[in-house]
Amino acid sequence: MDNTDQISEKEKKTEGSSHKIGIYLWIWGLLFVLSFFSYMVDWYQFQGMLRWSLILFFMFLKAGLIMAFFMHLFWERYALVNVLLWPMTAIACFIFLMAAEFQYTFITRMFYFFVGGAA
Amino acid sequence: MSSDPKIDGFELKPGFRGMASDTGSDQTMFKGVHWGKAMMWIFLVSDTFVFSCFLIAYMKGRGSTPVEWPNPSEVFALDAFGVPVPLLLIALMTFVLITSSGTMALAVKYGYEKNRKMCGWLILATAIGGLTFVGMQVYEWSKLIHEGVRPWGNPFGAAQFGSFFFMITGFHGTHVSIGVIFLFIYAYKVFAGHYENGGKRGWFTTMKGDYVEIEILGLYWHFVDLVWVFIFAFFYLW
Amino acid sequence: MSDEYENNKSGYQAQSSEAITGSAGSTSPDIDYVRPAELPEQDLYHGHTFITKWVFCQDAKVIGVQYFLTAVFTGIVGLILSWLMRLQLGFPGLAGFITAEHYYQFVTMHGMIMVVYFLTALFLGGFGNYLIPLMVGARDMVFPYVNMLSFWMFFVAVVILMASFFVPGGPTGAGWTLYPPQTILEGTPGSGMGILLMLVSLALFVIGFTMGGLNYMITVLQARTRGMTLMRMPLTVWGIFTATVLAMLAFPALLVSAIMMTLDKVIGTSFFMPTILKAGEVLEYGGGSPILFQHLFWFFGHPEVYIVALPAFGIVSDLISVHARKNIFGYRMMVWAIVGIGALSFFVWAHHMYVSGMNPWFGFFFATTTLIIAVPTAMKVYNWILTLWRGNIRINTVMLWCLGFIVTFVNGGITGIFLGNVSVDVPLSDTYFVVAHFHMVMGIAPVMVIMGAVYHWFPLITGRLLNETLGKWHFWTTFLGAYSIYFPMHYLGFIGVPRRYYEMYDSPYMTSAVGMNEFISLAAFLVGAAQFFLIFNVIKTLKTGKRAPKNPWKANSLEWHTSTQPPEHGNFGERLPVVHRWPYDFSVPGAKDDFIPQTTPPSEMVHTKVEKT
């Protein structure tokens, strides 16, 4: 069979997506609300674990909404989604290890500044 | 899944079964995904690693400095009617960027509906939003420089504060600026009808134009917004 | 084994008739059915002038050759640098012009050139560009223009790198790892313009590579021909593809560290610079974290090792299979091993940093992950050997290089297991044992594969066969010479000779090292000179060499079944090939020939015992 005569007209039309406008407006509104909330975290000067968990919660929620709906990942086939999300495990590993590393660097610095290295 | 394409001779299964059969099939792995769109996605993953490395470096740098880190809530405060409001400018910048992200999402939608006018105006609105963001960032930078914050030191605390601030927001701002340039170009292309009637040949390519290019542009723009979400959380709120 | 196609005939029919309903112009259902093309034909830009045909060319094959030649040029520069280093180490003071500063610059440039500008560019840019579109059955890379930009960006990066030899102060001499703070401090050779040009060159390389890498990935994922599933791709493509994925995810860390170090150098930030006392004076730097650079660098650097190794694994699998006339043993295992090694390579980086003063608990984590990598790697080695087992081995030059690779790789891999353990690494760290290890495993072994690949694909690229006699001379001098260099180096490491030292002077406990260093240097001169066998061979062959018949090695993969040999722009003439099988159907019982090209339809092979792929 020849390659050229097999491109159906269907294909061109179906590529991409067209969703109801409502979903975009909803997500848009939610993003504003969530941004407002994360701003309020600073406004009310929450501190400690509460602040951190709230910041991270709103951050991941916003990022998830943008990726899922504005970037259409929610509607993409899993083959693509899977390929895009797996590499993030390497980033997660890097983050956790560097979090351990900065604490260790800080502790050693404090030790040598205040206790001294000449044992 | 409403956006699944139709492919001759291939049954598109939903969910993880679909993932397995798509991956195991011949010709393409991402069924119905335009080459340019796949390229943009892979590029964005790579770019995610760039920004992640910046932010991880920032975490490591901030965590291990023995000098106290400046309080971003105070440094980035802005006087509104004589009262210092914490992070006011940053909140506005976030507002502007999310607004532009929303208009971009709608532009993609109208692009697929072949609504040339709506699509063009929304892209133009996005570009203006981006331009506003860059303008506000210029104001923020000049204000901080005026207050004595430099990449190599600042009056508030650890020297790395200025270093990471200018580098990370600068790199993000560069992404926004590049995006704005392309938004203006594509607004022109949409208005000029480059995607109508089978499409006009683009630059540097022998492929015909298609409204999928607006989605590709949209992916980039939403990514810029996405990065800002992380910068906002980690740099300004943390 | 049963007669696959006979038994499955009804199954094929059911599948194909089901698929065909609804599509216009359906043919009668048969076992040769391959579903129609999803995408229209790629529209290519054909060059007409000399400039568009050979300089700013958009044909992936020409770009591949451009990459190849540029990389070989940098490789020769790296080789000359290694000669100069060995001259100093073997015969200190003989060449008076080599000062300590020069020696460090040679070490640095040799390392950086060989790892990044030679091996990475050659495997991914050279072989990747030439072979990916041909092997997956595409007309060209998916974005030819971007592909062209990728090469020219690489070319500019090379020019800037070479320019650093001629700036005041010379190139950087900080070691290829460029560890701060000494890299950008006065006193280190090339701490002025040299390091700056190096960082700029690296950043350009990363940008250029990103453009190329997107092409390789999307071509493999989205532009395969009809019938070409991922599990029917030659392992060469798998190796290059996985290496590209690694590069796309690892190079960002290099880019980031290059940017941060440039800022440290140029505008005086202190990302990596702690408070430093110099001649009693406190420098303006302070509060930065040198170890952060090491983490960023090795987050790039370790995947980089596999960026070099995985294409070599892939290519050597194909060469062994073709020249042993046997299907590759455990194809799927090989694929998963490549992917597994690639994925794991992002979780092992700090095994380069056991003695750096990082968090001591990391040693446990990284030693564990490092040793886990030995599992898929060992699987690959066993599979190569089992492919050779009872094969119809042709001892030609290509096969010799492959066998040389296996031996060298096992050798380097086993020393890698030594070094992966913290307690063994600590005394061996920064000795010649490490030098011997990484030269064996990612220097000599991949270069052997490159040589084998050159002898294998030269007829495809030029239409002429390289001279076998010269090739065998080339192999044996290189192989024996390389072992003469690196085997004694393990011993040097055990007696504690430190690496990166300009001279050993009169260290009494190292008397046995003196003679050995002389021997190593002589061997190094010999191995370097032996490469001229290849250059002479290429020139001689291009002038008077034997014309290659079509498909001289009787291989199955698509690149040998193009309309013309060498393939023209567009690769496959009028029609793209349709793939029916994997590329490893060699010596199939019942088949007429001992090879079945990937394009042979099942109906021609009904009474043979082919594997279902």
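**Figure 1. Chain B from end to end, in a predicted model.** Trace chain B along its sequence and you'll meet the pattern α-α-α-β-β-α-α-α-α. Tallied up, that is seven helices and two strands. The C-alpha trace of chain B spans about 65 × 40 × 30 Å along its principal axes.

**Figure 2. How chain B splits into domains.** The domain assignment cuts chain B into domain 1, covering 1-32, and domain 2, covering 35-237. How far apart do the C-alpha centres of domain 1 and domain 2 of chain B lie? They sit 33 Å from each other.

**Figure 3. A look at the packing inside chain B.** Chain B has 238 residues, and 52% of them count as buried. Now take the contacts in chain B between residues at least 6 apart in sequence: 68% of these join residues at least 24 apart.

**Figure 4. Where chain B meets chain A.** Here 54 residues of chain B are in contact with 50 residues of chain A. Which helices of chain B each supply at least two residues of the side that touches chain A? They are α1 (15-24), α2 (35-64), α4 (88-112) and α7 (212-237).

**Figure 5. Closing in on the chain B side of the contact with chain A.** What kinds of residues does chain B bring to the side that touches chain A? Sorted by type, there are 29 nonpolar residues, along with 15 polar and ten charged ones.

Conventions:
Residues are numbered from 1 along each chain as its sequence is written. Chains are lettered from A and ligands numbered from 1 in the order in which they are written. This is a predicted model: local features need pLDDT of at least 70, side-chain atom pairs count only at pLDDT 80 or more; totals for chains, interfaces and linings use all residues. Two residues are in contact if their C-beta atoms, placed from the backbone, lie within 7 Å. Helices (H or I, at least four residues) and strands (E, at least two) are DSSP runs, numbered from the N terminus. Ala, Val, Leu, Ile, Met, Phe, Trp, Tyr, Cys and Pro count as nonpolar, Asp, Glu, Lys and Arg as charged, and the others, Gly among them, as polar. Domain bounds come from an automatic or database domain assignment. A residue is buried if 20 or more other C-beta atoms lie within 10 Å of its own, exposed if 12 or fewer, and partly exposed in between; C-beta atoms are placed from the backbone.
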